[in-house]
Amino acid sequence: MALSDAEVDKQIRHMMNFIEQEATEKAEEIDAKAEEEFSIEKGRLVQQEKMKIMTVYEKREKQIDLQKKIQRSNLLNQARLKVLKQRDDAIQTLLEDARSRLSSVRQNRQQYQELVKNLIIQVGAYVFTVYCSKLFRMSGDFRQQSICCSFLVRLLSIIIFLLV
């Protein structure tokens, strides 16, 4: 059975339409797959860049915190230095005042003797207090402590007697 030219043309057009339909569907599948891969890659790149930006931001934040801590420390140190300078100035002023007063006291023999006596009494009382407190802490023997304390009292009274 031989087909007529019209039937052959009809079958050829039918095959061409079928091939064209398959090619269109395949092209649409390729486009859809390409679009999906593009979206996935775009999302990955966007996420990657977000992470880079977050890392840079965190580094900057840490640098700013470090700079603030350094600045705070510098301000604190400057304040401490200022306090120490004021303290040193006050001590220097007191020393100068003491020197001037001491030189005026040297002119008056009676005042000078009184000053020396008072200073010796103060030093003796301080030594007595420090020595006795150390002795009380170190020793549990109250008899020995009593003997040492009475010796220091006698020594201090002799020094006072000699100065008077």
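**Exercise 1. The charged patch**

Task: Find which residues form the negative surface patch, and place Glu-29 in the fold.

Solution. Glu-22, Glu-25, Glu-28, Glu-29, Asp-31 and Glu-35 make up a negative patch on the surface. This is a predicted model. Next, locate one member. Glu-29 sits in helix α1, which covers residues 5-107.

**Exercise 2. The fold and its confidence**

Task: State how many helices and strands the chain has, then say where confidence is highest and where it is lowest.

Solution. Start with the count. The chain holds three helices and zero strands. Read along the sequence, the pattern is α-α-α. Now turn to confidence. The mean pLDDT of the chain is 84. Of its residues, 80% reach 70 or more. Then go helix by helix. Confidence is highest in α1, with a mean of 93. It is lowest in helix α3, residues 142-163, with a mean of 66.

**Exercise 3. Burial and surface**

Task: Work out what share of the chain is buried and what share of the accessible surface belongs to carbon and sulfur atoms.

Solution. The chain has 164 residues, and 7% of them are buried. The accessible surface of the chain comes to about 15,200 Å². Carbon and sulfur atoms account for 60% of that surface.

**Exercise 4. The nonpolar patch**

Task: Name the residues of the nonpolar surface patch, then decide whether Met-16 is buried or exposed.

Solution. First, the members. Leu-3, Val-8, Ile-12 and Met-16 make a nonpolar surface patch of about 340 Å². Second, the position of one member. Met-16 lies in helix α1. Third, the accessibility. The relative accessible area of Met-16 is 52%. Exposed means over 50%. Met-16 therefore counts as exposed.

**Exercise 5. Salt bridge Arg-44 to Glu-41**

Task: Give the N to O distance between Arg-44 and Glu-41, and describe how the two residues are placed in the helix.

Solution. A search of the whole structure finds four salt bridges. Side chains of opposite charge can pair when their charged atoms come close. Take one pair. Arg-44 forms a salt bridge with Glu-41, and the closest N and O atoms are 2.3 Å apart. Both residues lie in helix α1. Arg-44 and Glu-41 are three residues apart, about one turn of the helix. Check the exposure last. Arg-44 is partly exposed at 43% relative accessibility. Glu-41 is partly exposed at 35%.

**Exercise 6. Salt bridge Lys-85 to Asp-89**

Task: Explain how the spacing along helix α1 relates Lys-85 to Asp-89, and classify the exposure of both.

Solution. The side chains of Lys-85 and Asp-89 meet in a salt bridge, 3.0 Å from N to O. Count along the chain. Lys-85 and Asp-89 are four residues apart in helix α1, so about one helical turn separates them. Then read the accessible areas. Lys-85 has a relative accessible area of 48%, so Lys-85 is partly exposed. Asp-89 has 36%, so Asp-89 is partly exposed too.

**Exercise 7. Salt bridge Arg-101 to Asp-97**

Task: Give the N to O distance for Arg-101 and Asp-97, and say which exposure class each residue falls in.

Solution. Arg-101 and Asp-97 join side chains in a salt bridge at 3.9 Å, N to O. The cut-off is within 4 Å. Now the spacing. The two residues are four apart in helix α1, about one helical turn. Finally, the exposure. Arg-101 is exposed, with a relative accessible area of 56%. Asp-97 is partly exposed, at 37% relative accessibility.

Key: Residues are numbered from 1 along each chain as its sequence is written. Side-chain values use heavy atoms; hydrogens and water are left out. Buried means under 20% relative accessible area, exposed over 50%, partly exposed in between (1.4 Å probe, protein chains only). Accessible areas come from the Shrake-Rupley method with a 1.4 Å probe; for residues, only the protein chains shown count as cover. Patches are made of residues with over 30% relative accessible area and no salt bridge: like charges are joined within 9 Å, nonpolar side chains (Val, Leu, Ile, Met, Phe, Trp, Tyr) within 5 Å. Lys and Arg count as positive and Asp and Glu as negative; His and the chain ends are not counted. The place of a charge is taken as NZ of Lys, CZ of Arg, CG of Asp or CD of Glu. pLDDT is the predictor's confidence in each residue, from 0 to 100.
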